[in-house]
Amino acid sequence: MDRSYIESEKRSTKIGLWVLFFNFLMIFIWLSYELYKSFNSEPDFRWEFSFTIIGIPFALIFVGLILYAITRALINEIRS
């Protein structure tokens, strides 16, 4: 392979990882805010509170794991 092609692939991988990192970071912050807001507001329906208490923490765990994997990949790309 051509050296410039390899450098271009590394650069595009870094840019893609940064985009994913910031997108998932914003999703994580938004979910954290929604969880905080759910404790400080009265639900419209009875089932809404239990759905929020169960659903949002699972989403936070899922997004947090994805964010962790993206961060590890980004650190490995920066080091290499």
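Contact here means heavy atoms within 4.5 Å. With that cut-off in hand, the buried residues of helix H1 turn out to pack against helix H2, residues 46-79. The model is a predicted one, and the description below starts with its overall build before moving to individual side chains.

In terms of secondary structure there is not much to list: the protein comes to two helices and zero strands. Helix H1 runs over residues 3-39, which makes 37 residues. From its first C-alpha to its last, H1 reaches 55 Å, close to the 54 Å expected at 1.5 Å a residue. The C-alpha trace of the protein spans about 60 × 15 × 15 Å along its principal axes. The radius of gyration tells a matching story: the protein has 18 Å, whereas a compact globule of 80 residues would sit near 12 Å. Buried residues make up 16% of the 80 residues. As for the contacts with a separation of 6 or more, 76% of them come from residues 24 or more positions apart.

On to the packing between the helices. H1 has Leu17, Phe21, Phe24, Leu31, Leu35 and Ser38 as its buried residues. The largest nonpolar core holds 11 residues, namely Leu17, Phe21, Phe24, Leu31, Leu35, Ile56, Leu60, Val63, Leu67, Ile70 and Leu74. H1 and H2 are the elements that give two or more residues to this core. H2 gives the most, with six residues. Leucine 67 is a handy core member to look at up close: leaving aside neighbours within four places in sequence, leucine 67 is in contact with Phe21, Phe24, Leu25 and Phe28.

Two further spots give a feel for how the chain comes back alongside itself. Glycine 16, placed in helix H1, is partly exposed with a relative accessible area of 31%. Glycine 16 and leucine 74 are 58 residues apart in sequence, yet their C-alpha atoms are 9.5 Å apart in space. For phenylalanine 39 and alanine 69, 30 residues apart along the chain, the C-alpha separation is 29 Å.

Phenylalanine 39 itself is found in helix H1. At 53% relative accessibility, phenylalanine 39 counts as exposed, because the cut-off for that class is over 50%. Even so, setting aside neighbours within four places in sequence, phenylalanine 39 is in contact with Phe49 and Ile53. Threonine 52, in helix H2, falls into the other class: with 14% relative accessibility, threonine 52 counts as buried, because buried means under 20%. Beyond its neighbours within four places in sequence, threonine 52 is in contact with Leu35, Ser38 and Pro57. Of these partners, Leu35 and Ser38 are listed among the buried residues of H1.

Aromatic rings come next. The count comes to three aromatic pairs. One of them joins tryptophan 18 and phenylalanine 21 in an edge-to-face arrangement, 5.9 Å centre to centre and with 90° between the planes. Tryptophan 18 and phenylalanine 21 are separated by about one helical turn because they are three residues apart in helix H1. The partners differ in burial: tryptophan 18 is partly exposed, with a relative accessible area of 37%, while phenylalanine 21 is buried at 19%. Tryptophan 18 also pairs with phenylalanine 22, and here the rings are stacked, 5.7 Å centre to centre with 25° between the planes. Tryptophan 18 and phenylalanine 22 are four residues apart in helix H1, so about one helical turn separates them. Phenylalanine 22 is partly exposed, with a relative accessible area of 45%. Taken together, ring pairs link Trp18, Phe21 and Phe22 into a cluster.

Charged side chains make for a short paragraph. The count comes to one salt bridge, and glutamate 34 forms it with lysine 37, the closest N and O atoms being 3.5 Å apart. Glutamate 34 and lysine 37 are three residues apart in helix H1, so they are separated by about one helical turn. At 36% relative accessibility, lysine 37 counts as partly exposed.

Definitions and conventions:
Residues numbered from 1 in each chain as written. Predicted model: local features only at pLDDT ≥ 70, side-chain atom pairs only at ≥ 80, totals over all residues. Heavy atoms only, no water. Expected span 1.5 Å × (residues − 1). Buried < 20%, exposed > 50% of the residue type's maximum accessible area, 1.4 Å probe, protein only. Core = buried A, V, L, I, M, F, W, Y, C linked by side-chain atoms within 4.5 Å. Phe/Tyr/Trp six-rings, centres within 6.5 Å; stacked < 30°, edge-to-face > 60°. Salt bridge = Lys/Arg side-chain N within 4 Å of Asp/Glu carboxyl O. Rg over C-alpha atoms; globule rule 2.2 N^0.38 Å.
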